[in-house]
Amino acid sequence: MNISRDDVKTAFAKAATSYNEAAVVQKEILVRLLDKLQVLQKGPVDTLLDMGSGTGLAGNLLRKHYGSNSYYAIDFALPMLAWAKNESQVNYQYAVCGDAEALPFKDESLDVIFSASTLQWCNDIGAAFEESCRVLKDQGLLLFSSFGPDTLKELRHCFAEVDDLPHVSSFIDMQLLGDGLLASGFASPVMESEIITVEYSDPMQLFKDLQNTGATNHLEQRARGLMTRKRLNAVLEEYRKFVLPNGKYPASYEVLYGHGRKQSLVQSNQNSADEWQPIQFK
C-alpha cells in the first residue's frame with residue numbers, strides 16, 4: 001500500500017513542536033544507531049549527511065563524534081528544520097528541505113549518510129537507496145534504521161477486530177531492504193532486527209504519542225475523516241486485552257538496522273546477488 005507523502009509531510013510539520021517530548025522510541029533507536037556508527041566509522045569524516053534530520057536530535061551528537069567539516073541535514077518538513085536550528089541549536093553547515101528519494105547533492109560528494117527512523121516513509125525505497133549510493137563517494141557508508149512489519153502489531157490487531165480498513169501503516173521487511181541495498185550498489189550489506197517494546201499505563205497515550213510525533217496512519221487507502229468515539233472505544237477495549245502482569249499495555253516496534261558501503265561498478269559485478277548478511281536479534 002502506498003503512503004501519501006503529502007500527508008506525511010503535513011503531519012511532521014505539525015509535530016515539530018511536540019516531537020521531542022513524544023519520541024521515546026525514536027530517541028532509543030537513535031542512541032543505538034549512533035553506537036553502531038561509531039563501530040563502523042572511526043575517526044573524523046569530511047562530509048556527513050543526516051538524512052531525515054527532523055528536530056535535530058542526532059545533530060550535535062554527530063558533530064561531537066565526527067567533527068565533520070561539512071555537516072548537512074535534509075528533511076522534507078521545513079518546520080522540523082527550523083526547530084533544529086532555533087530550539088535544538090544544531091550548527092548545520094547546510095540544512096536542506098528535500099526528499100530522500102531525490103537528494104539534492106552532487107554525485108560522489110558525501111562520506112557518510114546517517115538516517116534514523118526515516119526510510120519507512122518512502123514509497124520507493126529503491127530510489128532512496130539508489131540516490132544514497134549516487135551521492136556517496138566510493139566506500140562511503142550508508143547507515144539507517146527503519147521499522148519492520150511487526151511494528152505496532154497490537155494496535156493493528158485491535159483495529160482488525162473492529163473493521164476491515166487499514167489503520168496502521170505497513171512497513172517493508174528486512175529481506176526486501178537487504179535486497180534493495182545490494183541492487184543499488186552497496187557491497188555486502190548487513191541487516192539486523194530487534195523488538196523494542198514500550199509499556200503504557202493507558203493505551204490512549206500510545207495514540208497521543210503517535211499523533212505528537214507525526215507517525216500516524218498515512219496510507220493513501222486509509223479511511224478519511226475523524227475516528228468516531230464509538231470506534232475509538234472499541235479499539236481501546238480490544239487493546240486492554242493485551243494488559244501485562246504489571247498492569248501496563250505493550251506497544252511493539254520491530255526495528256530494522258541496515259548498512260552498506262558503496263563500491264565501484266567493477267567491484268560490484270564480482271559479487272553474487274545473495275551476498276547480503278542477515279542477523280536476527282531476539
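This is a short tour of three residues in a predicted model.

**Stop 1: Ser 70**

Select Ser 70. It sits in strand E2, which covers residues 70-75. Is Ser 70 buried or exposed? Its relative accessibility is 16%, so Ser 70 counts as buried, the cut-off for buried being under 20%.

Now show the neighbours. Leaving aside residues up to four places away in sequence, Ser 70 touches Asp 46, Thr 47, Leu 48 and Gln 93. Pick out Gln 93 from that set. The side chains of Ser 70 and Gln 93 make a polar contact at 3.3 Å.

**Stop 2: Gln 89**

Move on to Gln 89. Look for it in the loop that runs between helix H5 (78-86) and strand E3 (94-97). Check the backbone here. What is phi of Gln 89 near? Phi is near 55°, a positive value in a residue other than glycine. Next, turn on the surface. Gln 89 has 60% relative accessibility and therefore counts as exposed, since exposed means over 50%.

**Stop 3: Leu 152**

Finish at Leu 152. Which loop holds Leu 152? The one between strand E5 (136-147) and helix H7 (153-162). Look at the backbone once more. Phi of Leu 152 is near 55°, again positive in a residue that is not glycine. Keep the surface on. Leu 152 has a relative accessible area of 7%, so Leu 152 is buried.

**Last view**

Show Gln 89 and Leu 152 together. Phi is near 55° in Gln 89 and near 55° in Leu 152. Gln 89 is exposed, whereas Leu 152 is buried.

Technical notes: Residues numbered from 1 in each chain as written. Predicted model: local features only at pLDDT ≥ 70, side-chain atom pairs only at ≥ 80, totals over all residues. Heavy atoms only, no water. Helix = DSSP H or I, 4+ residues; strand = E, 2+ residues; numbered from the N terminus. Buried < 20%, exposed > 50% of the residue type's maximum accessible area, 1.4 Å probe, protein only. Polar contact = N/O pair within 3.5 Å; in protein donor to acceptor, adjacent residues only side chain to side chain. Contact = heavy atoms within 4.5 Å.
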